[in-house]
Amino acid sequence: MDYDQLIPETDILRQECPRARILVIGKSGAGKSALINRVFGISDQAITNISHRSHGVHDIEKELTWKSNKHVVIHDSEGFEHGDDGKRKTVEQFVENRLQMVKLAERLHAIWVCLEIPWSNSRLLDRGIEQFLESISGRAPVVVVFTKLDLLEEKVESELDDAESSLDDDAFERRAKEEVDSALEELCYIPFKRKINHDYPFIAVSNQKRHADRIGELVKLTLEKCDVESAWVAVAISQRAEAVLNIKASTRIGRKRYWRGLFSDVFMGLSVQKLITVLRKDIVTVWNLNDSAELLLSDRFLERLTVLVEDLSSTSQPGEPYHLTYQAVNSLVKTPAAFPVAAPVLAVVFLAEWVLSSYKKTKESLRCLMGFIIDLTLVMDALFYLTRDRTAVSIRHINQAIAFFKSRKARVHDEIRTWVGQLSSALSHLNPDNAVTKIGDIIEKHCINPEEGCPIEASDDEWVSLESLRQ
Ligand SMILES: Nc1nc2c(ncn2[C@@H]2O[C@H](COP(=O)(O)OP(=O)(O)OP(=O)(O)O)[C@@H](O)[C@H]2O)c(=O)[nH]1
Ligand SMILES: [Mg+2]
């Protein structure tokens with residue numbers, strides 16, 4: 001394999017399906033824009049651009065896209081009332097056409113039908129929507145979304161408060177939850193199933209932060225409907241609701257051709273720097289954070305990652321000093337042509353030494369590459385939580401994420417050491433799949449618990465120094 005073949009898997013997938021394409025249908029005010037905001041982390045300002053009220057005219061063909069999340073395109077339909085046959089047929093025709101498109105990128109990867117929970121005795125379903133759901137039954141990747149769950153909760157809680165004022169807090173919460181569940185059955189699930197013959201998946205959501213897990217659930221239901229790998233990856237990358245889905249997307253991409261290649265013979269002799277540059281591109285792409293300044297693709301970030309990993313490059317224990325920078329400068333001065341790098345030469349000297357060699361199938365290489373993939377993924381996981389309010393990634397965020405990961409690094413690296421240590425020394429017999437599976441297991445074991453998130457600690461606006469990472 002030569003360098004030209006070594007391109008990020010995400011670039012290949014992106015050619016096939018660069019964006020998740022989703023149709024959102026629902027009455028004006030049903031909460032479509034709020035939902036899009038929650039799932040894709042798109043700013044409120046952009047949301048007002050797609051309000052039907054502010055635009056008046058509505059065009060399902062229009063592709064709505066956002067600078068802050070380039071991995072999604074939305075078609076927004078305000079739905080149709082009973083008797084709006086013309087409008088309904090337009091939407092049906094649109095869906096039919098899109099289902100038959102040859103190019104995966106042009107097809108609809110999901111249709112979210114948004115129905116406001118009728119908490120104040122309004123109507124759940126219009127006849128028009130019923131007809132639409134019947135007409136496309138089974139052929140389209142529909143998920144039904146019952147919106148504004150918080151308003152139902154408020155109503156149930158206030159009624160319960162009036163009726164049962166003597167309950168203590170825990171009992172109140174339990175009762176309220178039970179009553180909300182049964183109200184959802186009664187107001188949404190049962191009437192929906194009675195009216196619609198087809199078995200569409202559904203979920204009740206709201207735009208409140210405390211319901212983030214339900215937004216995650218919606219994304220999971222949507223992914224279950226994606227039967228083409230590249231579409232699955234596109235949707236998983238586009239969403240910003242669930243870190244675990246980015247981790248899964250990472251592992252799925254990792255299983256493809258070239259991650260496995262890292263653990264087989266095809267990359268022998270290539271520059272490790274080139275390999276990790278490609279790996280970094282893939283992992284950063286999969287997380288799809290708002291990185292307008294491209295800090296995550298910068299040399300500075302790469303330097304810090306390679307230093308995080310360097311304790312795996314030798315059999316010595318963490319904490320022993322490294323004199324790598326000195327050695328790297330020296331070897332660079334002696335044999336500059338040995339490093340076919342695009343990055344400015346000065347940046348190269350800061351990279352840890354293990355990066356500046358060519359790839360060999362040794363236990364050291366295996367430990368370092370596994371470490372690189374795992375460390376970067378766990379740093380991205382922390383960044384996901386730190387920038388969850390959709391702010392752009394900053395150096396401060398990156399420092400915080402690195403510091404948080406560093407506090408957990410010893411355990412992660414111990415696991416990598418132990419696993420590689422027990423392999424037989426004839427690594428040519430290594431099944432690449434085992435290494436990829438192990439990477440996935442370690443990441444899932446050490447990723448952040450969504451309920452805890454990543455603690456925000458004081459941090460600098462300047463990049464954390466390499467020396468302090470080595471301590
Ligand atoms: N309490 C609560 N309000 C919500 C929720 N979702 C949306 N809203 C509010 O409901 C109103 C309408 O929400 P939008 O998201 O703009 O509705 P839409 O379906 O996009 O409406 P159009 O763009 O007119 O078709 C706004 O004032 C939102 O703030 C929710 O989950 N809970
Ligand atoms: Mg809207």
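This is a short chat about the sheet, two helices and the ligand shell of a predicted model.

Reader: Hey, what kind of model is this, and how are things numbered?

Author: The model is predicted, and local features need pLDDT of at least 70, side-chain atom pairs count only at pLDDT 80 or more, while totals for chains, interfaces and linings use all residues. Residues are numbered from 1 along each chain as its sequence is written, with chains lettered from A and ligands numbered from 1 in the order in which they are written.

Reader: Cool. In what order do the six strands of the sheet come?

Author: The order is S2-S3-S1-S4-S5-S6, in an open sheet with mixed pairing. Strands (E, at least two residues) and helices (H or I, at least four) are DSSP runs numbered from the N terminus, and two strands pair if DSSP finds at least two bridges between them.

Reader: Which strands stand at the edges?

Author: Strand S2 (64–66) and strand S6 (202–204) do; each has a single partner strand, so one side of each has no neighbour in the sheet.

Reader: What packs on the sheet, touching S4, S5 and S6?

Author: Helix H9 (residues 212–224) does, and its direction makes about 170° with that of S6. Contact means C-beta atoms, placed from the backbone, within 7 Å. For the angle, axes are lines fitted to C-alpha atoms, for helices over the stretch in contact, and angles run from 0 to 180 degrees between N-to-C directions.

Reader: Let's zoom in on S4. Is it mostly covered or open?

Author: Mostly covered: seven of the seven residues in S4 (residues 110–116) are buried, meaning 20 or more other C-beta atoms, placed from the backbone, lie within 10 Å of a residue's own. Ala-110, Trp-112, Cys-114 and Glu-116 are on one side, and Ile-111, Val-113 and Leu-115 on the other.

Reader: And how many bridges join S1 to S4?

Author: Four, with S1 (residues 20–25) and S4 running parallel. Ile-22 stands opposite Ala-110, and Ile-25 has Val-113 as its bridge partner. S4 also pairs with S5 (residues 142–147) in the parallel sense, over six bridges.

Reader: New topic: which residues come nearest to ligand 1?

Author: Ser-28, Gly-31, Lys-32, Ser-33 and Ala-34, out of 18 residues around ligand 1. A residue is near if its C-beta atom, placed from the backbone, lies within 6 Å. Helix H2 gives the largest share of that shell, three residues.

Reader: Last one: which residues of H10 are buried?

Author: Eight of the 10 residues in H10 (residues 229–238) are buried, including Trp-232 and Ile-237.

Technical notes
A residue is buried if 20 or more other C-beta atoms lie within 10 Å of its own, exposed if 12 or fewer, and partly exposed in between; C-beta atoms are placed from the backbone. Two residues are in contact if their C-beta atoms, placed from the backbone, lie within 7 Å.
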